[in-house]
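This briefing introduces a protein structure to a reader who has not met it before. Please look over the sequence and the model before turning to the points that follow.

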Amino acid sequence: MTTARRQATRQRLYDAAVTLIAEKGFSATTVDEIAERAGVAKGTVYYNFASKNDLFEELLRHGVGLLTTSLSRAADDVTGHGGSRVEALDAMIRAGLVFIVRYPSFTQLYVAELWRTNRTWQDTLMGVRQEAVAVVEKVLGEAVAAGELSRETDVPLTASALFGMVLVAALDWQAFQPERSIDEVHAALSRLVQGRTGAAGAGAATCP
């Protein structure tokens, strides 16, 4: 199987698995169902993944990797065109919302799995989460160093808070306020961040 073809097959399996697991839960979802939903033979699943657990672990790596790349590109695009780090953070909020709109089932699974401690893939999940948060942390640190944000800002904690805020707020939006546009949600989160993250010398409080 060529690399491109295998990647396409794995993507179909990811899509099938994330949809089924969101519908039925991990334990109730079978490899047969994943194969059927993906339109492939059961053997194709095992050709690409050693087990259902392996498939799900790789699904987490893949999904969070896409989110991390999206956040990083959003920040780089802003700073590459002369924008500030604070503007880059705002762009990352938007990118996070766009990702969640595009992959709602994956986001729901990801958030749910964060609270489970008995999974074999827990270490993997924590690792890929940290990679995503590190992207936010890097931009926050640069903003503090450049004097755009208060030097009292707790960068690691603030990065985690921003990352979590976007995930949870977006899921709440999708579930309970779907009539709102992404522009409205982005604007609300932007105002919240701007009100709680103080620029140096502005005297505003830092993010909790």
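How much accessible surface does the protein chain have, and what share of it belongs to carbon and sulfur atoms? The accessible surface comes to about 10700 Å², and 52% of it belongs to carbon and sulfur atoms. The model is predicted. Its protein chain contains nine helices and zero strands.

**Overall architecture**

- From the N terminus on, the order of elements in the protein chain is α-α-α-α-α-α-α-α-α.
- The C-alpha trace of the protein chain spans about 60 × 35 × 30 Å along its principal axes.
- Of the 208 residues in the protein chain, 42% are buried.
- Among contacts with a separation of 6 or more, 64% are made by residues 24 or more positions apart.
- The protein chain carries 21 positive and 24 negative charges, and the mean positions of these two sets are 5 Å apart.

**Helix 7**

- Helix 7 covers residues 122–145, and its 24 residues should span 34 Å at 1.5 Å a residue; the end C-alpha atoms are 34 Å apart, which agrees.
- The buried residues of helix 7 include Leu125, Val128, Ala132, Val136, Val139 and Ala143.
- The buried residues of helix 7 pack against helix 4 (52–80), helix 5 (85–102), helix 6 and helix 8.
- Just after helix 7, Gly147 adopts a positive phi of about 80°.

**Helix 8**

- The 22 residues of helix 8 (residues 155–176) should span 32 Å at 1.5 Å a residue, and the distance of 31 Å between its end C-alpha atoms agrees with this.
- At the N-terminal end of helix 8, Asp154 acts as a cap, with a side-chain oxygen 3.2 Å from the backbone nitrogen of Leu157.
- Among the buried residues of helix 8 are Val155, Leu162, Phe163, Val166, Leu167, Leu171 and Trp173.
- An α-helix has 3.6 residues a turn, so residues three or four places apart point the same way.

**Thr107 in helix 6**

- Thr107 lies in helix 6, which covers residues 104–114.
- Thr107 counts as buried because its relative accessibility is 2%, below the cut-off of 20%.
- The side chain of Thr107 reaches the backbone oxygen of Tyr103 at 2.9 Å.
- Beyond its neighbours within four places in sequence, Thr107 is in contact with Phe99, Ile100, Leu167 and Leu171. Leu167 and Leu171 are also among the buried residues of helix 8.

**Leu66 in helix 4**

- Leu66 is placed in helix 4.
- With a relative accessibility of 33%, Leu66 counts as partly exposed.
- Outside its neighbours within four places in sequence, Leu66 is in contact with Phe99 and Tyr103.
- Although Leu66 and Ala132 are 66 residues apart in sequence, their C-alpha atoms are 9.5 Å apart in space. Ala132 is one of the buried residues of helix 7.

**Lys24 in helix 1**

- Lys24 is found in helix 1, which covers residues 3–24.
- The relative accessibility of Lys24 is 39%, and Lys24 therefore counts as partly exposed.
- Apart from neighbours within four places in sequence, Lys24 is in contact with Thr29 and Glu33.
- The side chains of Lys24 and Glu33 are joined by a polar contact of 2.4 Å.
- Lys24 and Gly43 are 19 residues apart along the chain, and their C-alpha atoms are separated by 22 Å.

Definitions and conventions
Residues are numbered from 1 along each chain as its sequence is written. This is a predicted model: local features need pLDDT of at least 70, side-chain atom pairs count only at pLDDT 80 or more; totals for chains, interfaces and linings use all residues. Side-chain values use heavy atoms; hydrogens and water are left out. Helices (H or I, at least four residues) and strands (E, at least two) are DSSP runs, numbered from the N terminus. Buried means under 20% relative accessible area, exposed over 50%, partly exposed in between (1.4 Å probe, protein chains only). Contact means heavy atoms within 4.5 Å. Accessible areas come from the Shrake-Rupley method with a 1.4 Å probe; for residues, only the protein chains shown count as cover. Lys and Arg count as positive and Asp and Glu as negative; His and the chain ends are not counted. The place of a charge is taken as NZ of Lys, CZ of Arg, CG of Asp or CD of Glu. The expected span of a helix is 1.5 Å times one less than its number of residues. A polar contact is a pair of N or O atoms within 3.5 Å; within protein, one must be able to donate a hydrogen and the other to accept it, and residues adjacent in sequence count only if both atoms are side-chain atoms.
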